[in-house]
Amino acid sequence: MKIIVTGGAGFIGGNFVYYELENHPEDEIICLDKLTYAGNMETLSKAMENPKFKFVKGDIADREFVYQLFESEKPDIIVNFAAESHVDRSIENPEIFLKTNVMGTQVLMDACRKYGISRYHQVSTDEVYGDLPLDRPDLFFTEDTPIHTSSPYSASKASADLLVLAYYRTYKLPVSITRCSNNYGPYHFPEKLIPLIISKALDDQPLPVYGKGENVRDWLYVEDHCAAIDLVMRKGKVGEVYNVGGHNEKTNLEVVKTILKQLDKPESLITYVTDRPGHDMRYAIDPTKIHRELGWLPKTKFDDGIKQTIDWYLNNKEWWQNILSGDYQNYYQKMYGNRISNAKQ
Ligand code: NAD
Ligand code: DAU
């Protein structure tokens, strides 16, 4: 099987590339990534040594380029991680979110229709459901919860989901969608809460907590998300949405304090800052469907996962320090500039 993984130089896509190479060594993986600020070839340096893996630099919204890639590679499965993924950035500049997250999804699915594939899988988010109130712990997002978005980011992801379902209904494109809660783990870009707090705490810098720090997120270790996507894209029902989450709800303050404790750093580093506009209060996934239909269950408990994650950041300081210094953006040109023949520069 030949699988195109878009956005594979990012956090979850990178983890997914390694998951596939390890668990399906018979398959070929092609990573298509534009290498935006969030894409990092250092994440893929080990994969680049594997003969079953290939990297192609390009934009999912560039129709001509995507069609050429499909024509030359004839992939069986497309799994689309490529996206602008940071809520705060979407509040500053929504436009690129619409271009990549909506138009990029359309271009990929048009290519699937034109060249034929066995599955198009869309990696979506629980943010399409909006948020839940703090005083109703009995409520969870199911696949039937109405779409109700808050930020330009979540609106762009919801728009893409609707388009994916429309391509299924209208063109019978064999699609599936997973909607997952917050991920954490290795290779997480240090603008997001957990890696930001780890990197700043190690440097004894103030830790920005939005509002009162009482917003709740439902944390899932990234490898468990990868396992869920792998199951759904291979065995999930066509035309269906599957929620993915592990019943791991924590307030932001709880998460920050856990990290500080593990690093033996003082809580006095916590600094309350102005809240995010439109800040979602609580996310909480009901994963019953994927468990019942496909037998998926998360393997990593939060206490273990956060320890493994902190250890990874301690053992891979160069990875995130290169991001903070900006050096990672030269890595692709330096290491692979002359080696990747079909890359679009
Ligand atoms: P990320 O920002 O770390 O990585 C995104 C990747 O996409 C980067 O490598 C970037 O270079 C690439 N990319 C961006 N625009 C592109 C374009 N136009 N063409 C080709 N490549 C492009 O994101 P992430 O956190 O790994 O999220 C991956 C996917 O999972 C996203 O679709 C996101 O919405 C979804 N998701 C994320 C989480 C989470 O907690 N991080 C949870 C649920 C769903
Ligand atoms: O739920 C899935 C979503 O999780 C994904 O779709 C998004 O791509 C991903 O970025 C993530 O969105 P969040 O907005 O939940 O993640 P973020 O790490 O930005 O923030 C997590 C919580 O921490 C949120 O309540 C805002 C808060 N926060 C965040 C940052 C960056 C802070 O308090 N301080 C910060 O500096």
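1. A residue is counted as near a molecule if one of its heavy atoms lies within 4 Å of that molecule. With that rule in mind, and remembering that this is a predicted model, we can begin with ligand 1, which is surrounded by 29 residues, the closest of them being I12, D33, S85, Y153 and K157. When these neighbours of ligand 1 are sorted by class, the shell divides into twelve nonpolar, twelve polar and five charged residues.

2. Several individual contacts help to place ligand 1 within its shell. An N or O atom in the side chain of Y153 is 2.6 Å from an oxygen atom of ligand 1, a polar side-chain atom of K157 lies 2.7 Å from an oxygen atom of the ligand, and in the case of F81 a polar backbone atom is 3.1 Å from a ligand oxygen. Taken on its own, ligand 1 has 830 Å² of accessible area, and the protein covers 96% of that area. Two or more residues of the shell are given by each of helix 1, strand 5 (119-125) and helix 5 (152-171), and strand 5 makes the largest contribution, with three residues.

3. Ligand 2 can be read in the same manner. Its surroundings consist of 23 residues, and the closest are T125, D126, Y153, R276 and H279. By class, the shell around ligand 2 holds nine nonpolar, eight polar and six charged residues. The student may notice that Y153 appears among the closest residues of ligand 1 and also among the closest residues of ligand 2.

4. Which side chains place an N or O atom 2.6 Å or 2.8 Å from an oxygen atom of ligand 2? A polar side-chain atom of Y153 lies 2.6 Å from an oxygen of this ligand, the side chain of R276 has an N or O atom at 2.6 Å from a ligand oxygen, and for the side chain of N182 the corresponding distance is 2.8 Å. Of the 690 Å² of accessible area that ligand 2 has on its own, the protein covers 94%. Helix 6 (193-202) and strand 8 (207-210) each bring at least two residues to the shell, with strand 8 giving the largest share, namely three residues.

5. The empty spaces of the model deserve a separate look. Rolling a probe the size of a water molecule over the atoms shows where empty space is left. The second largest pocket has a volume of about 470 Å³, and among the 20 residues that line this pocket, those closest to its centre are N15, Y19, E22, N23 and E223. Helix 1 (11-23) and helix 7 (222-235) each supply at least two residues of the lining, and helix 7 gives the most, with six. The lining of this pocket has twelve nonpolar, three polar and five charged residues.

6. How many cavities of 30 Å³ or more are there? The count comes to one, and the space in the largest cavity is about 60 Å³. Its lining includes V87, E127, S150 and S151, as well as R276 and H279, and by class the lining has three nonpolar, four polar and four charged residues. R276 and H279 are also among the residues closest to ligand 2.

7. Is Q122, a residue of strand 5, buried or exposed? Its relative accessibility is 1%, and because buried means under 20%, Q122 counts as buried. The side chain of Q122 makes a polar contact of 3.1 Å with the side chain of N80. S90, which lies in helix 3 (residues 87-92), has a relative accessibility of 0% and therefore also counts as buried. Although S90 and P152 are 62 residues apart in sequence, their C-alpha atoms are 5.5 Å apart in space.

8. Two backbone angles should be checked with care. Most residues other than glycine have a negative phi. K74, which is not a glycine, nevertheless has a positive phi of about 50 degrees, and this residue is found in the loop between helix 2 (63-73) and strand 4 (77-80). D264 likewise has a positive phi, near 60 degrees, and its place is in the loop between helix 8 (252-263) and strand 13 (270-273). Because exposed means over 50% relative accessible area, K74 at 59% counts as exposed, and D264 at 70% counts as exposed too.

How values were computed: Residues numbered from 1 in each chain as written. Chains lettered and ligands numbered in written order. Predicted model: local features only at pLDDT ≥ 70, side-chain atom pairs only at ≥ 80, totals over all residues. Heavy atoms only, no water. Polar contact = N/O pair within 3.5 Å; in protein donor to acceptor, adjacent residues only side chain to side chain. Areas by Shrake-Rupley, 256 points an atom, 1.4 Å probe, with all protein chains shown as cover. Helix = DSSP H or I, 4+ residues; strand = E, 2+ residues; numbered from the N terminus. Nonpolar A, V, L, I, M, F, W, Y, C, P; charged D, E, K, R; others polar. 1 Å grid on protein atoms, 1.4 Å probe; cavity = no way out; pocket = protein on both sides within 12 Å on 5 of 7 lines; lining within 4 Å. Points joined across faces, edges and corners; volume = space filled by probe spheres on them. Buried < 20%, exposed > 50% of the residue type's maximum accessible area, 1.4 Å probe, protein only.
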